[in-house]
Amino acid sequence: MYAVEVSDQIMIAHSFRGAVFGPAQELHGATFVVRAAFFSERLDENGIVVDIGRAHDVLKAALKPLNYRNLDDLPQFKGVNTTTEFLTRYVYDLLADAARSGGLGRPGAELSSIRVTVAESPSARAWYEAPLR
């Protein structure tokens with residue numbers, strides 16, 4: 001299995017609902033490092049999984065509306081706990097749409113899967129991975 005991974009980071013604010021979150025129920029900030037890995041069982045005719053420049057552009061575009069924002073104020077997150085785990089799937093869905101529409105310089109059907117990892121600290125991260133087929 002071949003993979004190409006790109007990364008970026010965002011700074012956000014948000015709060016959570018539920019006693020399980022303790023002090024994180026209050027508004028707080030976070031800096032997330034977001035990594036997107038694109039997997040394929042074979043390289044294309046150019047010898048690549050995806051175009052790295054396009055992959056980075058697609059990730060940046062997915063993250064831009066979240067950067068320096070209070071996620072609690074965004075309509076698409078109304079009533080949602082924007083946990084690290086939740087954000088992995090949210091970003092995955094945007095990247096999968098871009099892959100399926102050819103935004104990575106290779107037909108999305110030729111990719112096996114995408115994994116999105118969100119690190120909230122050097123010692124804690126979550127990821128979501130799913131096939132594109």
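## Close-up views of a sheet and its helices

**View 1. Helix 2, from end to end.** Helix 2 is built from 17 residues, and from its first C-alpha to its last it reaches 24 Å, close to the 24 Å expected at 1.5 Å a residue. Keep in mind, as you look around, that this is a predicted model. The buried residues of helix 2 are Thr84, Leu87, Thr88, Val91, Tyr92, Leu95, Ala96, Ala98 and Ala99. A handy rule helps in reading such a list: an α-helix has 3.6 residues a turn, so residues three or four places apart point the same way. What covers the buried residues of helix 2? The cover includes strand 2, helix 1, strand 4 and strand 5. Just after helix 2 comes Gly102, with a positive phi of about 85°.

**View 2. The five-stranded sheet.** Here you can trace an open sheet of five strands, in the order 3-1-2-4-5 and with mixed pairing. Which strands stand at the edges? They are strand 3 (69–70) and strand 5 (124–131); each has a single partner strand, so one side of each is left without a neighbour in the sheet. Helix 1 (residues 52–63) packs on the sheet, where it touches strand 1 (2–14) and strand 2 (28–40). The direction of helix 1 makes about 20° with that of strand 1. Helix 2 (residues 84–100) packs on the sheet as well, touching strand 2, strand 4 and strand 5, and its direction makes about 145° with that of strand 4.

**View 3. Strand 4 and its partners.** Follow strand 4 (residues 113–121) and you will find strand 5 paired with it in the antiparallel sense over eight bridges. A hairpin of two residues joins strand 4 to strand 5. Two pairs are good places to pause: Ala119 stands opposite Arg125 in strand 5, and Ile114 has Ala130 of strand 5 as its bridge partner. Strand 4 also pairs with strand 2, again in the antiparallel sense, over seven bridges. In that pairing, Phe39 has Ser113 in strand 4 as its bridge partner.

**View 4. The largest nonpolar core.** How many residues does the largest nonpolar core have? It has 34, and those with the most contacts inside it are Phe38 and Leu95. Strand 1, strand 2, helix 1, helix 2 and strand 4 each supply at least two residues of this core. The largest share, seven residues, comes from helix 2. As a general background, in soluble globular proteins, nonpolar side chains tend to be buried together. Now look around Leu95: leaving aside its neighbours within four places in sequence, Leu95 is in contact with Ala36, Phe38, Val58, Leu59, Ala62, Ile114 and Val116.

**View 5. Thr84 and its surroundings.** Thr84 has its place in helix 2. Why does Thr84 count as buried? Its relative accessibility is 6%, and buried means under 20%. Apart from neighbours within four places in sequence, Thr84 is in contact with Phe32, Val118, Glu120 and Ala126. With Glu120 there is something extra to find: a polar contact of 2.3 Å joins the side chains of Thr84 and Glu120. Thr117 lies 33 residues apart from Thr84 along the chain, and 9.0 Å separates their C-alpha atoms.

Technical notes. Residues numbered from 1 in each chain as written. Predicted model: local features only at pLDDT ≥ 70, side-chain atom pairs only at ≥ 80, totals over all residues. Heavy atoms only, no water. Pairing = 2+ DSSP bridges. Helix = DSSP H or I, 4+ residues; strand = E, 2+ residues; numbered from the N terminus. Contact = heavy atoms within 4.5 Å. Axes fitted to C-alpha atoms, helices over the stretch in contact; angles between N-to-C directions. Core = buried A, V, L, I, M, F, W, Y, C linked by side-chain atoms within 4.5 Å. Buried < 20%, exposed > 50% of the residue type's maximum accessible area, 1.4 Å probe, protein only. Expected span 1.5 Å × (residues − 1). Polar contact = N/O pair within 3.5 Å; in protein donor to acceptor, adjacent residues only side chain to side chain.
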